[in-house]
Amino acid sequence: MGEFAAFTILSLLILIPAVVVVTSKNIVRSALSLVPTLLGVTGFYVLLQAEFVAGIQVLIYAGAITVLLLFVIMLTEGGAGLQVRQVNEQIPLGVTAAVWLAFLLLLVFSRTTWPVAQRGNPPAYSALAIGNAFMTDYVLVFEVTSLVLLVSLVGAIIIARREE
Amino acid sequence: MQVGLGHYLVISTLLFCLGLYGVLTRRNAVAILMGIELMLNAGNINLVAFNRYVAPATVSGHVFALVVITLAACEAAIGLALVMSAYRSLETIHVDEINVMKW
Amino acid sequence: MPPKVVLDWLYVGVFAVVGIVLAVVPLIVVWLLAPQMRLPQKELTYESGVIPFGQAWAQFNVRYYLFALVFVVFDVEVIYLYPWAVVFRRLGAFAFYEMLVFLLILMVGLAYAWRKGALEWV
Amino acid sequence: MSTFVEILKAIGLAVLVFTFLAVVGAMFGVYMERKISGWIQARLGPKHVGPQGLLQTIADTVKLLQKEHITPRRADALIFNSAPIIVAVAGLLDWVVIPFGQVGNRFLVVRDINIGVVYFAAMASLTVIGILAGGWASNNKYALLGGLRAASQMISYEIPLALGILWAAMIAGSLSTVSLVEAQRGGWFIFKVPPLGLLAALTFLVAATAEVNRVPFDLPEAESELVAGYFAEYTGMRFALFQLGEYAEMFAFAALFSVLFLGGWDEPSLSRQWAWVWLVLGAGSLALVALIQFRLRHVLLVRPIFILAVMAAGLSLILFFGVMAGRAQVLPSIVWFFVKMFTLVFFLMWMRWTYPRLRLDQLLSLSWKVLLPLGLLNLLITAFIITVAR
């Protein structure tokens, strides 16, 4: 009961700002509406008992990626873009594609029986379990991640500084 | 009422389609990136939800989610670097006006 | 009774809601107590007493972006250090070498950014 | 049903913590700041409202409550009004994981979240969004510039901050604040693996000072060049909310520093044969008190030192007699928490009048070229020492 109430509140917290994100005429408001959506997703992770992922979601998405987006908005158009039309002429196409995809996916979901496990409890201390997984089973993922980070750092610096 | 896997899948589907709509209809490159972030978040909800309901004792889904978050950060960094670069050479970040391949 | 994790964050949620309410209350009190007289001069943007010109929403230096960029990459790196910090004592030297490789690769990135002047504020 | 009780409990605690922050953090903090600033500048500071001006901030709050709210015509009203709330709430949320002390087997902490320090870092990073939103929504050149500067400064120092947190978490092998304090029973982390513990603590302290935008890292709010930075356009209570968030954050970082490196609520304990150290310390501080009282009575500059010396003398003598009387815990743990937190806050305020403001380029290179490599190396060397080289 309580779980369902929390789930409903969080769903609204995710979906309503998400609608603002994709429809607002003001790009800064779009970017700021991203924050409640991301925090709602954090709430989902908590309900799913993925505590560490929840913390990281706030730290990276809300604390870093949103800030990066806001920076770029302020460094490019900022408020100057407020008068400019923000949407292109593809609205009918966009609506069709989104609704059709949603319909298709929901249809598929409703017809599939997932192999839901009846037993097993999530690890109580998820950071510990994740650390163990990274250091043993997923060690290759872990090391390659650092390469991905390195490449994206180098690439982004090259792209952003090109003309100096 | 119990919250099951299906509930999470429905919400993540809706979020994904909202993101898709944003990507298809926005002119502003930064707004398109925001749409992509929404879609990645929807994917992440699925990863963690499947982990919880299909294999609750493991953390593989959490690990994938972390990797996706990492990739989202890298994608945002590179994508926004491209936006900055386009803005500096073409004075616009509206993707329908960036239509020349070489300046 | 929800599991500890959910309960912990339930508190966080309640704190956020109560915090917002308590932060709005003084604003309502002000709205009730304070005098209100709208004057066009009062609502001008403050620019040290000079009549403001132009929009503040103008462009700024690209440098800000470069720092934000390096920040995002290193912030992501740090999230991998947290789980490592919890387990590495249990796993011993092996975990140390894994992290050494991870950090060395990233230090190359830092050195590159340094070399290319992305950490320079000119 | 029990969930409902928990929610009521959470609401009660939230009101309690918010009141605590408003009274101790903002009101007393502002008073302390003004008094100390006054003394260091050889002034008296607030003096007229209440004994020694103690009620000055309450008078100020009442005044702020009656001030008109002005929203500049060209501002984005919705974002403009919500930005101070974001900053204040982020400051409040930090306090969920701060442990105040221990009574018997119970810990005085709102919730001991498993990933406490990650949570703290995450909530602290939310402040940046509020500041950036406030600076942009004002549509004011000073405010936007201040907001951008504040944001780039805060994000630059978040990494060294996280490395400092990680250092302590690594030694304790845990991310929860309570177990971090418990792990320091035997020795505070600032003394661990000398001198690397001290180095990590200093990295963290510098980064924390920058993170809360205090001198010498206060250029986002530099009153002499940017008027007031990102809150230039904010009036009355909305300005007060920004201040509340800022002070809440400052006290939270001071508390976190003591949790990470100074043993939190842990009492500094010496065994019986070392108890004379307390006596020596107490006698020394008493001598200092006497010197200031009889010789330098009229020099305002030494008053902060006087207060510190009185505190040190009192605490060391109490500790001495407590140890001699054979008590395991001389003072309640919550006292120690407050002593450590206020000493650090005092230190931050002292620094404000000691160091000049850094330039933006100096500030950024301090973070990226000194603190970040230092923090990473410190982490690696410490990890090497405690695993491989043992």
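User: How do you know which contacts join chain B and chain D, if any do?

Analyst: Happy to start there. This is a predicted model, and in it no contact joins chain B and chain D. Two residues are in contact if their C-beta atoms, placed from the backbone, lie within 7 Å. For these two chains, the closest C-alpha atoms lie 14 Å apart.

User: Which chains share the most contacts?

Analyst: That would be chains A and B, out of five pairs of chains in contact. On one side stand 80 residues of chain A, and on the other 63 residues of chain B.

User: What makes up the side of chain A that touches chain B?

Analyst: Several helices of chain A each supply at least two residues: α1 (2-23), α2 (27-47), α3 (51-75), α4 (91-111), α5 (126-135) and α6 (139-160). The most comes from α3(A), with 13 residues. By residue type, this side of chain A has 58 nonpolar, 17 polar and five charged residues.

User: Why is chain B called more spread out than a compact globule?

Analyst: Compare two values. For 103 residues the globule rule gives 13 Å, while the radius of gyration of chain B is 17 Å; that is well over the rule, so chain B is more spread out than a compact globule. Along the principal axes, its C-alpha atoms fill a box of roughly 55 × 25 × 15 Å.

User: What elements does chain B have, and how much of the chain is buried?

Analyst: Chain B has three helices and zero strands, running α-α-α from the N terminus on. A residue is buried if 20 or more other C-beta atoms lie within 10 Å of its own, and buried residues make up 59% of chain B. As for contacts in chain B between residues at least 6 apart in sequence, 47% join residues at least 24 apart.

User: Why is α1(D) called oblique to α11(D)?

Analyst: Start with the angle: the axes of helix α1 (residues 2-40) and helix α11 (residues 333-352) of chain D cross at roughly 45°, and they come within 10 Å. Angles under 35 degrees count as roughly parallel, and 65 to 115 as roughly perpendicular. The crossing angle therefore makes α1(D) oblique to α11(D). The crossing itself is right-handed.

User: Which residues make the contact of α1(D) with α11(D)?

Analyst: From α1(D) come G29(D), M32(D), E33(D) and I36(D), and from α11(D) come V345(D), M349(D) and W350(D). They divide into five nonpolar, one polar and one charged.

Note on methods:
Residues are numbered from 1 along each chain as its sequence is written. Chains are lettered from A and ligands numbered from 1 in the order in which they are written. This is a predicted model: local features need pLDDT of at least 70, side-chain atom pairs count only at pLDDT 80 or more; totals for chains, interfaces and linings use all residues. Axes are lines fitted to C-alpha atoms, for helices over the stretch in contact, and angles run from 0 to 180 degrees between N-to-C directions. Helices (H or I, at least four residues) and strands (E, at least two) are DSSP runs, numbered from the N terminus. Angles under 35 degrees count as roughly parallel, over 145 as roughly antiparallel, 65 to 115 as roughly perpendicular and the rest as oblique. A crossing is left-handed if the near helix is turned anticlockwise from the far one by less than a right angle, and right-handed if clockwise. Ala, Val, Leu, Ile, Met, Phe, Trp, Tyr, Cys and Pro count as nonpolar, Asp, Glu, Lys and Arg as charged, and the others, Gly among them, as polar. The radius of gyration is taken over C-alpha atoms; the globule rule is 2.2 Å times the number of residues to the power 0.38. A residue is buried if 20 or more other C-beta atoms lie within 10 Å of its own, exposed if 12 or fewer, and partly exposed in between; C-beta atoms are placed from the backbone.
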